[in-house]
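Load the model in your viewer and keep the selection tool at hand. The stops below are meant to be taken in order.

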Amino acid sequence: MTISETPVAISTVTVSIDGADVTIPEGATLLDACTKAGVDTPTICYAENLTPVNACRVCVVEVENSRTLVPSCSREAEEGMVVQTDSERVRHSRKMVLEFLGSGTDLSQAPQLAPYMEHYGAEPDRYGPEPERMNEDVKVQDDLYIRDYDKCVLCYKCVEACGDDAQHTFAISMSGRGFGARISTEFDATLPDSACVYCGNCVAVCPTNALQFKTEFDLRAVDNWREEEQSVTRTVCSYCGVGCNLELHVQDDTIVKVTSPNDHSVTSGHLCIKGRFGWQYVQPTITTK
Amino acid sequence: MFGAGGGTVSYKEIEETDVVLLWGSNAREAHPIFFHHLMTGLDNGARMYAVDPRRTSSSKFADLWLGLELGSDVALANTVARHIIQTGLTNDEFIAHSTEGFEAFKESVEPYTLEVGSQITGLPADAIAEMAEAYATAETAQILWTLGITEHHNAVDNVLSLCNLALLTGHIGRWGSGLVPLRGQNNVQGGGDMGALPNKLPGFQNVTDPEHRAKFEAVYGVEIPAEDGIHLTLMFEAMERGEITAAYVIGENPADSEADINHARKLLEGLDLLVVQDIFMTRTAELADVVLPASVGWAESEGTVTSSERRVQRVRAAVTPPGEAKHDQDILGEIARRMGYDWGHPTSEDLWEELRGLSPMHGGMTYERLEAEGGLQWPCPDLDHPGSPFLHGWLWEDDLGGRGPAPFSPVVHAGPKEELTEQFPIRLTTGRSLDSYNTGVQSGGYDSPIRYGEALDVNPADADRLDIEEGEWVLVSSPRGSVEMPIRIQPDIPVGLTFTTFHFPELVDINQLTNDAWDKRSGTAEFKAAAIRIEKLTSA
Amino acid sequence: MPDLHLTVDRASEAEAAAIDAALAAINVDPAIVVEEERLVRGGIHRKNERRHGLLPALHALQTESGWISPGGVNYIAEMLNVPPAEAFGVASFYEMFRVDEAPDHTDDVVHVCVDSPCLEFAEAKIAELEASGKHVHRSPCLGQCERATTDHGPALFIQGRAAANSVPSDEATELWDLPQKHDPSLVLLRNVGRIDPTSLDAYVGAGGYKALAKAFGLGAEQVVEEVSTAGLMGRGGAAFPTGIKWRAVAAEQGVKYVVVNADESEPGTFKDRTIMENDPFSLIEAVTIAGFATGATKGWIYIRGEYPLATLRLQNAIELAREAGFLGEGIARSSFDFDIEIRRGAGAYICGEETALFNSLEGFRGEPRQKPPFPTTNGLFDRPTAINNPETLLNVLPIVLDGGAAYAATGTEGSSGQKLFCLSGHVAKPGTYEVEIGPTLREVLDLGGGVTGNLKAVLLGGAAGSFVGPDALDMPLTMEDTRAIGASLGSGVVMAFNDTTDFDAVCIRIAEFFRNESCGQCVPCRVGAVRQHELLVRSSGQVMNGEVELLKDIDLAMKDASICGLGHTAATAVRSAIDLGLIGS
């Protein structure tokens with residue numbers, strides 16, 4: 001009799017990152033190699049719990065013998081690759097990507113990008129008086145989350161989380177083309193009319209707060225969203241027996257947001273409507289009025 | 001059949017399995033994040049057969065939905081078993097080495113030819129054969145079930161009939177293959193682990209075993225009764241006989257959740273003393289003599305819970321309980337103190353450490369490890385043990401890990417207790433919807449945009465026949481009671497069957513209709529099958 | 001998705017019937033089958049297998065209703081088990097699909113080309129059409145650039161409502177009046193204008209299907225060998241060696257595909273249309289040989305949606321070939337099974353990018369994929385795929401017939417064989433011209449009767465190419481010579497501009513073309529193309545100062561960091577115009 005066990009990957013590859021050799025498991029990406037080498041890499045559309053779509057291009061690196069720069073988030077490391085992460089070409093493209101986004105999108109609630117903007121010297125204002133922008137109004141269609149597409153960088157993360165990377169509901173898709181592309185339901189139907197099941201996984205992966213829990217939106221509206229004061233406590237959801245881990249974000253002894261850790265084997269960061277929003281019976285002491 | 005009760009596989013395994021039989025489970029709505037793992041498995045190429053009287057949202061992911069007659073699960077499983085045997089697709093080596101009672105089992109399923117199975121289940125013989133062959137020939141395969149299997153008067157037979165299929169094919173005890181009962185409550189598994197069963201001590205150790213009792217008595221310093229206790233359903237029967245006159249209810253809402261609810265409420269009202277410990281003023285709490293406000297288990301308290309994949313995980317306090325609400329363990333400690341036992345003020349971790357010393361399957365799980373390793377799956381007997389992704393690997397060991405072979409369990413088909421009659425010609429079954437939970441006391445706390453409230457799902461043809469429209473309020477009656485509720489016309493429900501959730505008892509008291517016929521072995525009532533009739537409201 | 005959620009909108013009976021017919025025509029049955037009341041077949045796998053029906057279904061809906069109606073989308077969603085949001089996302093990607101119910105949605109739509117060389121005639125024509133009450137759509141290049149003359153005006157394409165699409169100029173022509181039709185040295189265009197393109201007999205009579213017979217004799221491996229020896233390079237623009245591509249696919253196991261990239265959309269390009277309209281059987285034969293050589297059993301032709309005549313002729317050719325046993329099981333009494341299916345694009349330049357084409361054909365948005373992996377291992381439906389341009393494939397016929405070595409001996413050292421050039425703009429006789437590679441730019445222009453007026457610049461390779469000045473007239477039009485000056489042959493576009501040209505307008509239109517045609521997937525291209533266009537509009541007619549630096553910055557980021565060739569080349573033509581002093585000085 002034989003017992004089959006989980007197969008374990010053992011092969012490795014070695015690549016050079018800025019002159020230093022880094023050994024990583026076969027199948028790992030250049031971004032993994034950069035991280036292992038201690039090289040900080042900006043990312044926007046990348047998330048550890050989603051399939052890389054390599055759309056934002058801010059993580060590009062220079063690979064020897066490659067005509068163009070390559071996105072580190074999705075490029076599988078190959079034995080002997082020689083990678084530069086801080087060459088002039090890399091710095092230029094990263095700067096331009098940040099500049100392009102800053103020139104057309106409201107990045108005011110994406111504070112994680114600010115240090116990179118500064119580091120790469122991005123000047124989003126240099127495209128003249130009135131560069132075309134996303135120019136979208138906030139959509140508030142229910143009590144659970146809002147969509148502020150003026151802040152959208154079209155990173156596809158919400159589409160992936162709603163789609164086959166997690167929820168398989170496909171309530172939203174990229175629509176249109178070029179600069180007119182937008183994340184949308186069919187014919188821009190309201191969320192309650194759409195296939196949305198309010199798992200909130202799209203909100204959890206949004207890098208720019210274009211998707212925002214209503215609790216956060218309301219607290220921001222009264223200038224009472226104080227993220228720096230919030231504690232985050234890990235626990236387990238009380239609905240059903242799957243054992244999803246929750247991170248309770250608490251401000252003023254009140255739960256204000258629920259997320260799930262990306263690195264947990266049960267959820268990979270994804271929840272259902274009950275886990276994401278079903279906490280509201282826990283008595284609040286905060287006010288949004 | 002295999003000892004300690006728990007899902008035999010890890011969620012991760014379904015991402016790599018080849019065939020899934022989803023049997024009596026609407027995991028898409030009741031276990032959404034487990035279903036993520038299942039959908040990954042389908043994306044990776046797994047084939048799925050969904051067995052359910054309703055074409056549920058889960059069934060729509062299946063390659064084939066088999067809408068069997070409600071309550072014909074044993075007949076279907078036995079027919080599948082017979083077909084696997086007839087077509088020579090059994091795993092003979094496994095049967096010979098790891099099981100016993102095959103010959104008797106083979107004989108027991110002999111009557112369940114494809115024709116007979118087809119007749120009882122209402123499914124085409126070809127479809128049954130297709131599912132049987134897919135399951136038997138798969139490299140790895142899993143059977144998943146939920147309350148569609150267990151909320152029947154013959155729940156244990158239903159489960160055993162599925163276990164038999166795993167034994168026939170060797171789809172158990174290997175990575176990717178197994179039997180998966182999905183747990184409905186966040187700690188129904190943990191409750192069992194901790195001995196909240198009438199016949200078990202923590203760690204699934206038997207109350208009737210003197211050695212097991214002695215171990216606990218030595219630590220607890222009290223004598224433990226040597227006889228099995230009784231489960232909830234028997235408690236209600238004992239109340240009826242006047243043998244139980246007081247009840248202490250912790251975190252349960254039987255005045256809404258029991259089948260044949262009018263009867264249950266009357267019994268609760270007739271008690272001499274009813275103590276309710278809860279975080280909500282539930283309908284049960286309203287009947288109570290004493291209400292003890294508790295803190296929210298997962299947000300205001302420290303402790304552990306166990307998931308459907310036997311993963312023990314930590315819950316933690318993030319916010320302060322309101323008012324006088326206290327942690328369950330502190331309330332119990334206070335009551336003990338008033339009764340003359342001073343337990344001191346143990347922390348959750350103190351209690352867990354005691355448990356670790358008494359329950360071998362939890363022996364290796366310190367709070368520190370649970371924290372660092374994202375929870376651990378039992379059995380995890382010692383500190384060096386990594387936990388167990390799947391159970392019953394011993395079936396594949398040369399010496400069966402020193403155990404005896406796993407027995408086949410011949411079972412026979414018996415339909416729902418309540419047969420359809422001229423007076424009550426329609427089937428009613430119940431279940432969950434995605435955004436709500438149980439009697440709605442928790443899920444009622446948020447404003448779900450997809451909540452449609454309570455409604456009776458009926459097939460368009462039935463609606464036509466009864467001359468009722470979408471949204472129309474009707475009178476629904478079973479032999480036990482009547483409720484008024486609105487109609488939702490649903491093409492996904494077969495003719496003759498109706499469905500409703502049970503999340504809004506304040507709107508529609510559906511358990512006035514459900515049947516409390518129950519399984520003597522599991523103690524579970526047959527929520528899944530009542531006989532009803534639908535009448536137009538005269539004023540309409 | 002399996003648990004579809006649909007809005008209340010329902011398709012009309014006519015819409016449902018049109019969609020049903022379109023799906024039946026490509027043998028796509030419903031993804032969800034109710035076999036009995038209590039037995040339903042469905043799920044993810046059936047859905048995945050049918051997703052490629054989406055584009056044909058959307059075409060049917062658009063034609064039936066004049067727009068992509070919500071009810072129609074819901075019907076398609078149910079038939080294919082595709083989420084409506086995704087179907088909408090796909091529909092809204094394409095020029096030919098309208099997702100808004102404008103008052104005039106039921107009219108025919110007259111697409112008027114506004115790209116060079118039609119640009120200079122476009123506005124007058126649009127004004128005329130609009131005055132007569134027509135519903136006009138400003139279209140990117142329609143692939144009829146040879147017609148852009150003072151007599152004819154801009155290229156037109158009529159998108160019919162409840163009627164076939166058409167091109168007005170097609171109606172008059174039976175046998176094409178090929179400028180070179182009396183030239184006996186023609187290889188690729190040998191049949192064009194000489195034999196009836198609707199007759200298999202005529203094709204066989206002119207030596208058709210001899211190459212296939214020869215290929216069967218040589219064996220698959222040897223055919224790949226001959227193609228490699230020939231040094232054939234792709235004629236779509238990237239100039240990748242065809243032999244290497246085929247060898248890689250031949251080495252793979254399992255289901256494999258051959259795809260013809262007939263989404264000819266590079267502004268200034270119309271040579272593939274010339275072939276497909278006038279010699280469809282040659283392409284069918286060549287695809288069959290490609291399938292035989294690479295071990296593929298299915299070929300797909302993805303043809304741009306604005307080529308109704310070419311589509312018709314190819315469809316006819318496929319049907320006749322199938323009837324005659326040149327397609328299907330056991331082709332020409334061999335043991336080789338092969339068939340071909342045509343798919344129409346719906347108006348998206350980006351779908352000429354090979355991986356975007358795969359996505360489009362599979363029923364997804366035509367967004368390019370990151371490479372690697374390459375199509376030779378992960379192509380159409382994630383299977384190994386040989387994808388070639390029609391002109392490239394046509395070269396396979398002489399290679400098989402005469403041998404790779406003979407072919408390699410023609411042309412120049414770095415560029416073997418024959419090449420088609422699309423002459424347009426300010427030349428006396430615009431059209432498709434064939435040469436044995438080697439003639440200079442001047443000689444090629446002279447084939448078309450020479451430049452009218454004083455030559456100011458030539459756009460080589462299309463909008464994705466670059467401008468060269470009169471000083472390049474004596475440069476041989478070879479891969480190696482163009483590469484040496486930082487230009488490329490691209491798809492063979494040779495568009496002449498004389499000194500009457502408003503280059504500001506030409507360059508603004510090129511920039512607008514790219515901002516419109518960018519799929520929007522990656523930031524450098526999505527935003528960069530817009531910023532480039534804005535800059536050009538703002539500095540139009542002025543001397544550029546700081547703008548040049550900014551344009552260079554944009555160009556570099558798009559070249560370095562975009563996902564695909566569209567972004568890589570979107571600023572090339574503008575940069576070359578600035579360098580030549582055509583604009584900004």
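The tour goes from domains to a chain contact, then to a sheet, helices and single residues. Keep in mind throughout that this is a predicted model.

**Domains**

Start with chain A and colour residues 11–132 as domain 1 and 138–281 as domain 2, following the domain assignment. The C-alpha centres of these two domains of chain A are 25 Å apart. At their contact, 17 residues of domain 1 of chain A meet 18 residues of domain 2 of chain A. On the domain 1 side of that contact there are 10 nonpolar, four polar and three charged residues.

Next, colour chain B by its division into domain 1 (11–181), domain 2 (188–377) and domain 3 (426–536). Between domain 1 of chain B and domain 2 of chain B, the C-alpha centres lie 34 Å apart.

Chain C takes five colours: domain 1 (13–91), domain 2 (109–167), domain 3 (200–408), domain 4 (418–498) and domain 5 (503–579). Place a distance between the C-alpha centres of domain 1 of chain C and domain 5 of chain C, and the separation is 39 Å.

**Where chain B touches chain C**

Show chains B and C together. How many residues of each are in contact? On chain B there are 20, and they touch 12 residues of chain C. Select α3 (32–43) and β3 (64–66) of chain B, the elements that give two or more residues to the chain B side. The largest share of that side, three residues, is from β3(B). By class, the chain B side has 12 nonpolar, three polar and five charged residues.

Stay on β3(B) and add strand β2 (residues 39–41) of chain C: three bridges join the two strands, which run antiparallel. To find one of the pairs, select B:Trp65, whose bridge partner in β2(C) is C:Val40.

**A three-stranded sheet in chain B**

Move along chain B to the open sheet with strand order β9-β10-β11, where the pairing is parallel. Which strands stand at the edges? They are β9 (246–250) and β11 (290–293) of chain B; each has a single partner strand, so one side of each lacks a neighbour in the sheet. From one strand to the next, the twist averages 10°.

Now select β10 (residues 273–278) of chain B, which is joined to β11(B) by four bridges, with the strands running parallel. B:Asp278 is a useful handle here, as its bridge partner in β11(B) is B:Pro293.

**A helix pair in chain B**

Select helix α7 (residues 114–121) and helix α8 (residues 125–137) of chain B. Their axes come within 9 Å and cross at roughly 110°. Angles of 65 to 115 degrees count as roughly perpendicular, and α7(B) and α8(B) are therefore roughly perpendicular to each other.

Show side chains for B:Leu114, B:Glu115, B:Gly117 and B:Ser118 in α7(B), which meet B:Ala125, B:Ile128 and B:Ala129 in α8(B). This contact is made up of four nonpolar, two polar and one charged residues.

**A covered helix in chain C**

Go to helix α24 (residues 572–579) of chain C, which is mostly covered, with seven of its eight residues buried. Among the buried residues of α24(C) are C:Arg575 and C:Ile578. To see what covers them, select elements of chain C including β12 (455–460), β13 (466–468), α20 (503–517) and α21 (523–538). Just after α24(C), C:Gly581 has a positive phi of about 75°.

**Backbone details**

Most residues other than glycine have a negative phi, and most peptide bonds are trans. The remaining selections depart from that pattern.

- Select B:Trp378 and B:Pro379: the peptide bond from the former to the latter is cis, with omega near -5°. B:Pro379 lies in the loop between β14 (376–377) and β15 (406–407) of chain B.
- In the loop between β14 and β15 of chain B, pick B:Leu400. Phi of B:Leu400 is near 50°, a positive value in a residue other than glycine. B:Leu400 counts as partly exposed, with 15 C-beta neighbours inside 10 Å.
- In chain C, the peptide bond from C:Pro372 to C:Pro373 is cis, with omega near 5°. C:Pro373 sits in the loop between α14 (354–361) and β9 (385–388) of chain C.
- Finish in chain A with A:Asn209, in the loop between α5 (201–205) and β10 (211–213). Phi of A:Asn209, a residue other than glycine, is positive and near 65°. Is A:Asn209 buried or exposed? A:Asn209 is buried, with 21 other C-beta atoms within 10 Å.

Definitions and conventions: Residues numbered from 1 in each chain as written. Chains lettered and ligands numbered in written order. Predicted model: local features only at pLDDT ≥ 70, side-chain atom pairs only at ≥ 80, totals over all residues. Pairing = 2+ DSSP bridges. Axes fitted to C-alpha atoms, helices over the stretch in contact; angles between N-to-C directions. Contact = placed C-beta atoms within 7 Å. Nonpolar A, V, L, I, M, F, W, Y, C, P; charged D, E, K, R; others polar. Parallel < 35°, antiparallel > 145°, perpendicular 65-115°, else oblique. Buried ≥ 20, exposed ≤ 12 C-beta atoms within 10 Å, placed from the backbone. Domains from an automatic or database assignment.
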